[in-house]
Amino acid sequence: MRIVSIATLFILPCLTLTTALAATTRTWTISNGEVERTLAFGPSGLVTERWSDLKTHTDYIKPEGLKAELAPEFSFQCNGRTYSGHGSDFSFLSADEAPLPNGKSLTIRLRSNQLPLDVSLIYSVYDGQPAIRKHLVLQNTGSAPLHLSHLDIEAIAPTVGPEDE
């Protein structure tokens, strides 16, 4: 089994993680009272549904204006084909919250529907830090090597500014 871990830092103030289950869509909210990010996994795959600055009441991503096909959360090419968090490329396996020294993490695990590949998305937040760290762990669950390229760790569709500007 091969495991590849790739990390990036995505600036977003957060301290509180909550998880909710509604019908066939699972949602998780990461917040610290200043900024809030809600992720969801449902029929359209994994997507950031909402990203708000709670102090300025600014929604950078709004559920009502969300174009999920433009925000696949992550994507990569494997053996020449593009896979992403949007659509039916992956099935939901699990989600777990865990304490960290001075923070906590949320891990969302997905399984490819076409490849022997599991993808874990790990979001970590730290007390007093205006940031969230996101990284992916890609695990080949088969015996044949997989050729990965064109990795995009963070793919969201923010809205900037009022609609009339």
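Q: How many of the 10 residues of strand β11 are buried?
A: A residue is called buried under 20% relative accessible area, exposed over 50% and partly exposed in between, using a 1.4 Å probe and protein chains only, while a strand is a DSSP run of E with at least two residues, numbered from the N terminus. In β11, 9 of the 10 residues are buried, and the strand is therefore described as mostly covered. The structure is a predicted model, in which local features need pLDDT of at least 70 and side-chain atom pairs count only at pLDDT 80 or more, although totals for chains, interfaces and linings use all residues. Residues are numbered from 1 along each chain as its sequence is written, and side-chain values use heavy atoms, with hydrogens and water left out.

Q: Which strands pair with β11, and over how many bridges?
A: Two strands are said to pair if DSSP finds at least two bridges between them. β10 pairs with β11 in the antiparallel sense over 9 bridges, and a hairpin connects β10 to β11 through 4 residues. β11 is also joined to β12 by 9 bridges, again with an antiparallel run. To follow this second pairing at a single position, look at I122, whose bridge partner in β12 is H135.

Q: What surrounds D118, and is it buried or exposed?
A: D118 belongs to β11, which covers residues 117–126, and its relative accessible area of 12% is the reason why it counts as buried. R111 stands opposite D118, and the side chains of these two residues make a polar contact at 2.8 Å. A polar contact is a pair of N or O atoms within 3.5 Å, where within protein one atom must be able to donate a hydrogen and the other to accept it, and where residues adjacent in sequence count only if both atoms are side-chain atoms. Contact in the wider sense means heavy atoms within 4.5 Å, and, leaving aside neighbours within four places in sequence, D118 is in contact with L93, L110, R111, V137, L138, Q139 and T141.

Q: Which residues have the most contacts inside the largest nonpolar core?
A: In soluble globular proteins, nonpolar side chains tend to be buried together. A nonpolar core is a set of buried Ala, Val, Leu, Ile, Met, Phe, Trp, Tyr and Cys residues joined through side-chain atoms within 4.5 Å. Here the largest core has 23 residues, and F74, F76, L110, V119, L121 and Y123 have the most contacts inside it. At least two residues come from each of β3 (25–31), β4 (35–42), β7 (73–78), β10 (103–112), β11 and β12 (132–140), and β11 gives the most, with 5 residues. Not counting residues up to four places away in sequence, Y123 touches a number of residues, among them I30, L39, L106, I108 and I132.

Q: How are two aromatic rings described, and how many aromatic pairs are there?
A: A pair of aromatic rings is described by the distance of the centres and the angle of the planes. Rings of Phe, Tyr and Trp (its six-membered ring) pair if their centres lie within 6.5 Å, and planes under 30 degrees apart count as stacked, over 60 as edge-to-face and the rest as tilted. The structure holds 6 such pairs. In one of them, the rings of F41 and F92 have centres 5.9 Å apart and planes at 35 degrees, so the pair is tilted. Because F41 lies in β4 and F92 in β9 (residues 90–100), this pair ties together parts that are 51 residues apart in sequence. F76 and Y83 form a stacked pair, at 5.9 Å centre to centre and 25 degrees between the planes, and both F76 and Y83 are buried. F74, F76, Y83 and F90 form one aromatic cluster.

Q: Which strands stand at the edges of the open sheet of 3 strands, and why is one side of each left without a neighbour?
A: The order of this sheet is β8-β7-β13, with antiparallel pairing. β8 (81–84) and β13 (148–155) stand at the edges, and because each has a single partner strand, one side of each is left without a neighbour in the sheet. Between β7 and β13 there are 4 bridges, and E73 stands opposite A155 in β13.

Q: Where do N79 and H150 lie, and what is the sign of their phi?
A: N79, in the loop between β7 and β8, has a positive phi of about 50 degrees although it is not a glycine, and its 49% relative accessibility makes it partly exposed. H150 lies in β13, has a positive phi near 55 degrees, and is exposed, with a relative accessible area of 60%.
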